[in-house]
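Ready for a few warm-up exercises? Have a look at the model below, try each task yourself, and then compare your reasoning with the worked solution.

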Amino acid sequence: MSWKGRVLDPSLPNGRSECTLKLSGTNLVAVLPDGKELSLNLGDVDYQCRGYEKKEHVFRKKNAHHPVFSTHDGLLLKTIQNSQIIEFHDAFRSFKKDTWKSRRQKYIIPIAMLILLAVGGTWFVVYPAVDIAVSLTPISVDREVGQIAIASLITNEIKDPEITGAINKIVKRLTANVPEKEFHFRVHIVDDPMINAFAAPGGEIVVMTGLIKNSDSAEEVAGVLAHEICHVTERHGLKGIYRQALLVIAVSVMFGDAGAIAQVALDGANDLANLGFSRGMERDADLEGYNLLVDSGIDPSGLRTFFEKLAKLEKNNANAVVQLLSTHPLSQDRVNYLAKQEKLLKKKFPKLDIDWQALKDKLK
């Protein structure tokens, strides 16, 4: 049995090479393309699991920089564990201990605050205290929660390069002006007639085809996307989740279980698409989204005109299922203050270089 991997060692050209990893007794052997072999004794290694999604398994000679073997194939670790290679147990226990210590240090302050809130807090202090707790929580938690939660929400995702390319073009232009680069923005376009878009914590953005079909310009969708991006950067999703289940989340985070946090969000609000935000959060996302559009050189009036369109649709058809209205409740004052901002700006913006009608035609 063998696994694809990579080896780092100064003796190699460029210091690295692709390889095939195999087990030979208590040794992990890297077979290079030219047939040369490098070996690590599993009783004399340090083990780590690293990378953005913690899926890269790394084996390094203990107390040395090289050689380093790595693979993204989790079956290698399972095979080592199932083979009862006792020499490796100390390295794996050490990794687990360091991981627990790191998680404990990373979460200890927000955990303590959330537990205090859950046990003895009142709603008078919950909101500001949760805001502080979120500010002390690493953005990596947002990303983990968003990735896990979004996996259960995405169905009928569209992969058409023209459609995804156009929406990603808008998102990249907007996110280029987001100062915090720890957020990882990814767009998912879902074939669904609902007029909706929403963002999960960390930067996972879902756009439904109903939103595209019911928009008259790229600027209108850009307005909605800017609004959603600001929900992410203001960490409204994580704040909502923290407020929703303080004690459960505190215990889940304590054990480093991002999946449990995401499940709380899903259980408590059916799904993140229905996780509504407070009026204050919506106003913040409106104003921050407006500023983001201006900074990105995109006409910010699209956000206002789209809100006006939805308000008319709701008024003209009381039975219309306009999902965006339930998660982003509209009011005339929201439209009014956006219009006021536009009057103060007094600036012209070039149109986005996207053939919007052609894009909509592809969805017919």
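**Exercise 1: A hairpin and its turn**

Valine 58 sits opposite serine 70 in strand 7. Starting from this pair in the predicted model, work out how strand 6 and strand 7 are joined.

*Solution.* Begin with the ranges: strand 6 covers residues 56-61 and strand 7 covers residues 68-71. Next, look at direction and pairing: the two run antiparallel and are joined by 4 bridges. Finally, inspect the connection: they form a hairpin with 6 residues between them, and asparagine 63 in the turn has a positive phi of about 60°.

**Exercise 2: Three strands near the start of the numbering**

Describe how strand 2 pairs with strand 1 and with strand 3.

*Solution.* Take strand 1 (residues 2-8) to begin with: 7 bridges tie it to strand 2 (residues 16-24), and the two are antiparallel. You can check the register at valine 7, which faces serine 17 in strand 2. Now move on to strand 3 (residues 27-31), which is antiparallel to strand 2 and linked to it by 5 bridges. Here lysine 22 has valine 29 of strand 3 as its bridge partner. Strand 2 and strand 3 make a hairpin with 2 residues between them, and glycine 25 in that turn has a positive phi of about 65°.

**Exercise 3: An open sheet and its helices**

Find the order of the strands in the 3-stranded open sheet, and explain why strand 8 and strand 9 each have one side without a neighbour.

*Solution.* The order is 8-10-9, with mixed pairing. Strand 8 (186-190) and strand 9 (197-200) are at the edges with a single partner strand each, so one side of each has no neighbour in the sheet. From one strand to the next, the twist averages 20°. For the parallel part, look at strand 8 and strand 10 (residues 204-208), which pair over 5 bridges; arginine 186 stands opposite glutamate 204 in strand 10. Then add the helices. Helix 5 lies across strand 8 and strand 10, at about 140° to strand 8. Helix 7 packs on the sheet and touches strand 9 and strand 10, its direction making about 20° with that of strand 9.

**Exercise 4: The nonpolar cores**

Which residues have the most contacts inside the largest nonpolar core, and which helix gives the most to it?

*Solution.* The largest core has 47 residues, and the ones with the most contacts inside it are Ile167, Leu174, Ile212 and Leu225. Helix 7 (residues 218-233) gives the most, with 9 residues. Zoom in on leucine 174: beyond four places in sequence, its contacts include Ala222, Leu225, Ala226 and Ile229, together with Leu292 and Leu293. Apart from this core lies another, of 22 residues, including Leu21, Cys49, Phe69 and Ile80.

**Exercise 5: Where to read with care**

Where is confidence lowest, and where is it highest?

*Solution.* Start with the overall picture: the pLDDT averages 77, and 72% of the residues score at least 70. Helix 13 (residues 323-327) has the lowest confidence, at a mean of 46, and helix 5 (residues 161-175) the highest, at 95. Two stretches deserve a closer look. Residues 265-274 have a pLDDT below 50, with 24 contacts in the model beyond near neighbours in sequence. Residues 318-327 stay under 50, with 22 contacts beyond four places in sequence. Where pLDDT is low, predicted coordinates should not be read in detail.

Methods
Residues are numbered from 1 along each chain as its sequence is written. This is a predicted model: local features need pLDDT of at least 70, side-chain atom pairs count only at pLDDT 80 or more; totals for chains, interfaces and linings use all residues. Side-chain values use heavy atoms; hydrogens and water are left out. pLDDT is the predictor's confidence in each residue, from 0 to 100. Contact means heavy atoms within 4.5 Å. A nonpolar core is a set of buried Ala, Val, Leu, Ile, Met, Phe, Trp, Tyr and Cys residues joined through side-chain atoms within 4.5 Å. Buried means under 20% relative accessible area, exposed over 50%, partly exposed in between (1.4 Å probe, protein chains only). Two strands pair if DSSP finds at least two bridges between them. Axes are lines fitted to C-alpha atoms, for helices over the stretch in contact, and angles run from 0 to 180 degrees between N-to-C directions.
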